[in-house]
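Biologist: Before I accept any label on a model, I want to hear the reasoning behind it. Can we go through a few?

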Amino acid sequence: MSKARHARPRRSTRRVVRTLSIAGLGAGITAAGASGAFAADYKVKAGDTLSEIAQANGADWRQLAKLNGLDNPDLILIGQTLKLDGVAPAAVPRTEKRADQKVRTVKKKTVRKTERKTERSSRSDDRPSSGKANLSGAWAKVANCESSGNPRAVSANGKYYGLFQFDRQTWRSVGGSGSPAQASAAEQLMRAKKLYAQRGASPWPVCGRYLR
């Protein structure tokens, strides 16, 4: 009888310890899952800039450029996938970040609607080139200097597009419509030559030296 009396509390103690161990393991799994929930990628859209993407995700654009191996942060491509996992978050108050995100969302929707209307009325049916343009001579050097020869290049500040880094106002002044980065390489070259005939090499203060 004395042995049975001592055996019962021991079993009860083992059950308590085992229950606590399982509960602790479940909490550890929950914490580990929460810590890995921030991994994400971002696909670059027309009008995006590296600084805006970094700011929207609470990160520093320099760290984002380093993580994705961008030698030139001014050049990101439409459709390019950027890794966000591993970028240290920036110290931004939550209320300020939420308000900023709402403003950016409204702004992006407005820009997209405007671009869709412009693209529908576009006079060019050409599709954007997915690779580097087949240029030669001085214009090839200008394109390589301005955009590394990529017709879909967009500057980091979102103001300049395509092979020859047109801004939208200049692009329209030579008969272009929509985004220069969405036009074919042939159209971009044609409009660059038209601009050169009007204003010489001045629209390209640095890279225009190849045209002189």
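The exchange below takes some labels in this predicted model and asks what supports each one.

Biologist: Why is Gln188 called buried?

Modeller: The cut-off for buried is under 20% relative accessible area. Gln188 has 0% relative accessibility, so Gln188 counts as buried. Gln188 lies in helix α7, residues 185-199.

Biologist: What makes the link from the side chain of Gln188 to the backbone oxygen of Pro151 a polar contact?

Modeller: The limit for such a pair of N or O atoms is within 3.5 Å. The side chain of Gln188 reaches the backbone oxygen of Pro151 at 3.2 Å, so the distance meets the limit. For the backbone oxygen of Pro180 the value is 3.1 Å, and that distance meets the limit as well.

Biologist: Which residues is Gln188 in contact with, leaving aside neighbours within four places in sequence?

Modeller: Contact here needs heavy atoms within 4.5 Å. The list is Pro151, Gly162, Leu163, Phe164, Phe166, Trp171, Pro180, Ala181 and Ala183.

Biologist: How do you know that a disulfide joins Cys145 to Cys207?

Modeller: Two cysteine sulfur atoms must lie within 2.5 Å. The S to S distance of Cys145 and Cys207 is 1.9 Å, so the pair qualifies as a disulfide. A search of the whole structure finds 1 disulfide.

Biologist: Where in the chain are the two cysteines of the pair?

Modeller: Cys145 is in helix α5, residues 137-147, and Cys207 is in the segment after α7. They are 62 residues apart, and the pair links distant parts of the chain. The angle about the S-S bond is -70 degrees, and the link of Cys145 and Cys207 is left-handed.

Biologist: Why is Cys145 called partly exposed, and why is Cys207 called buried?

Modeller: Partly exposed covers the range between the 20% and 50% cut-offs. Cys145 has a relative accessible area of 30%, so Cys145 is partly exposed. Cys207 has 4% relative accessibility, which is under 20%, so Cys207 counts as buried.

Biologist: What is the phi of Ser148, and what is the phi of Gln165?

Modeller: Phi of Ser148 is near 60 degrees, a positive value in a residue other than glycine. Ser148 lies in the loop between α5 and β4. Phi of Gln165 is near 50 degrees, again positive in a residue other than glycine. Gln165 is placed in the loop between β4 and α6.

Biologist: Why is Ser148 called partly exposed, and why is Gln165 called buried?

Modeller: Ser148 has a relative accessible area of 34%, between 20% and 50%, so Ser148 is partly exposed. Gln165 has 13% relative accessibility, under 20%, so Gln165 counts as buried.

Technical notes
Residues are numbered from 1 along each chain as its sequence is written. This is a predicted model: local features need pLDDT of at least 70, side-chain atom pairs count only at pLDDT 80 or more; totals for chains, interfaces and linings use all residues. Side-chain values use heavy atoms; hydrogens and water are left out. Helices (H or I, at least four residues) and strands (E, at least two) are DSSP runs, numbered from the N terminus. Buried means under 20% relative accessible area, exposed over 50%, partly exposed in between (1.4 Å probe, protein chains only). A polar contact is a pair of N or O atoms within 3.5 Å; within protein, one must be able to donate a hydrogen and the other to accept it, and residues adjacent in sequence count only if both atoms are side-chain atoms.
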